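Open the model in your viewer and keep the selection box handy. Each stop below says what to select and what is there.

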Amino acid sequence: MPTEVTVQATLFDSLVRCAKPDAAQRAEFLALGFDVDKPRATYPSSVFMGCQALVLRTKYAGLAPNAALRELGRDLVRGYFDTLVGKVVGMALKVAGPERAMKRVALSFSSVMDPVDIQVEFVAAQQYRVKFRRYPFPAESAAGTCEVALQQAGAASARVEVERYDSLEGFDLRVGW
C-alpha cells in the first residue's frame, strides 16, 4: 500500500494566510486535525485536503470549482512567498529566472510535500510539460501555483494549462511564457 503524502507546515501557513480564519474557522481547522496556534512540522495530505476544502467553501464560494482551485493555488504560493522560507525561495526564483525555475519544479514541490513524483520535460523554447504523479492535490490548484511562481521568476506572461488528467495516474501541465 502506498505511503500517504506528508505536507510541511509551511503549506498550512500559506493556507491560513489565504483564509484569514475567524474563530469559527479556526475551530473547523482544529476539528480537521490542524491547530492554527500550535502547528506541527508535517501533516498527512488528507488533513491538508480537508483544510483546503474548508477554505474553498468559505473564501472561494462564488467561483466555479476549477476557477476556485486555480485561485487557491495562486493565493497559496503568494502566501508562501510571505513566509520566512518563502521569501528566500521567492528571491531565489527572481535570480534564477523562468528557465532555471522550470528545471527545479520537482524540487520546489517536494520541498513542501513528500513523497511525490514530478517530472519536467522540455517541449520547445519557453514550453515545458510537468507530469504530476502521486500528487494528492487538484491539477487546477497546481496550475495556479505554477503561474504565480513563474511570474515571480520573471515570466511576465505565464500560461499554465491542464494538458492531461487521469484520476488514477495523475495529470500533466503545459507551462509556457
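A residue counts as buried when its relative accessible area is under 20%. Keep that cut-off in mind, and remember that this model is predicted.

**Stop 1: the cysteines**

Select C51. At 0% relative accessibility, C51 is buried. Now select C146, which is buried too, with a relative accessible area of 8%. How many disulfides does the structure hold? Zero. Check the distances to see why. The cysteine sulfur closest to that of C51 is in C18, 12 Å away, so a bond is ruled out by distance. For C146 the closest cysteine sulfur is again in C18, here at 16 Å, which is too far for a bond. A disulfide needs the two sulfur atoms within 2.5 Å.

**Stop 2: helix α1**

C18 leads to the next selection: α1, residues 9–19. Color its buried residues, which are L11, F12, S14, L15, V16, C18 and A19. In an α-helix, residues three or four places apart point the same way, because there are 3.6 residues a turn. What do the buried residues of α1 pack against? Show the helices α2 (23–32), α3 (45–59) and α4 (65–81), then the strands β1 (6–8), β2 (42–44) and β3 (113–114). Next, step past the end of α1 to K20, where phi is positive, near 45°.

**Stop 3: the aromatic rings**

Show the aromatic side chains. The structure holds 15 aromatic pairs. Zoom in on F109 and Y135, an edge-to-face pair with 5.7 Å centre to centre and 80° between the planes. F109 sits in helix α6 (residues 105–110), and Y135 in the loop between β5 (127–133) and α7 (139–152), so this pair ties together parts 26 residues apart in sequence. Buried or exposed? F109 is buried at 9% relative accessibility, and Y135 is buried at 13%.

Move on to F132 and F171. Their rings are stacked, 4.7 Å centre to centre and with 15° between the planes. F132 belongs to strand β5 and F171 to strand β7 (residues 170–176), so the pair links parts that are 39 residues apart in sequence. Both F132 and F171 are buried.

Now select F12, F29, F34, Y43, F48, F109, F132, Y135, F137 and F171 together. These residues form one aromatic cluster. F12 in this cluster is also one of the buried residues of α1.

**Stop 4: the largest pocket**

Turn on a surface. The largest pocket holds about 660 Å³ of space. Which residues are closest to its centre? Select V89, L93, S108, F109 and A149, out of 31 lining residues. Two or more lining residues come from each of α3, α4, α5 (84–103), α6 and α7. α5 gives the most, with nine residues. Color the lining by class: 24 residues are nonpolar, five polar and two charged.

**Stop 5: the second largest pocket**

This pocket has a volume of about 170 Å³. Of its 14 lining residues, the closest to the centre are Y135, D166, S167, E169 and G170. Strands β5, β6 (159–166) and β7 each supply at least two residues of the lining. By class, eight lining residues are nonpolar, two polar and four charged.

Finish with F109 and Y135 selected again. F109 is among the residues closest to the centre of the largest pocket, while its ring partner Y135 is among those closest to the centre of the second largest.

Terms used. Residues numbered from 1 in each chain as written. Predicted model: local features only at pLDDT ≥ 70, side-chain atom pairs only at ≥ 80, totals over all residues. Heavy atoms only, no water. Buried < 20%, exposed > 50% of the residue type's maximum accessible area, 1.4 Å probe, protein only. Helix = DSSP H or I, 4+ residues; strand = E, 2+ residues; numbered from the N terminus. Contact = heavy atoms within 4.5 Å. Phe/Tyr/Trp six-rings, centres within 6.5 Å; stacked < 30°, edge-to-face > 60°. 1 Å grid on protein atoms, 1.4 Å probe; cavity = no way out; pocket = protein on both sides within 12 Å on 5 of 7 lines; lining within 4 Å. Points joined across faces, edges and corners; volume = space filled by probe spheres on them. Nonpolar A, V, L, I, M, F, W, Y, C, P; charged D, E, K, R; others polar.
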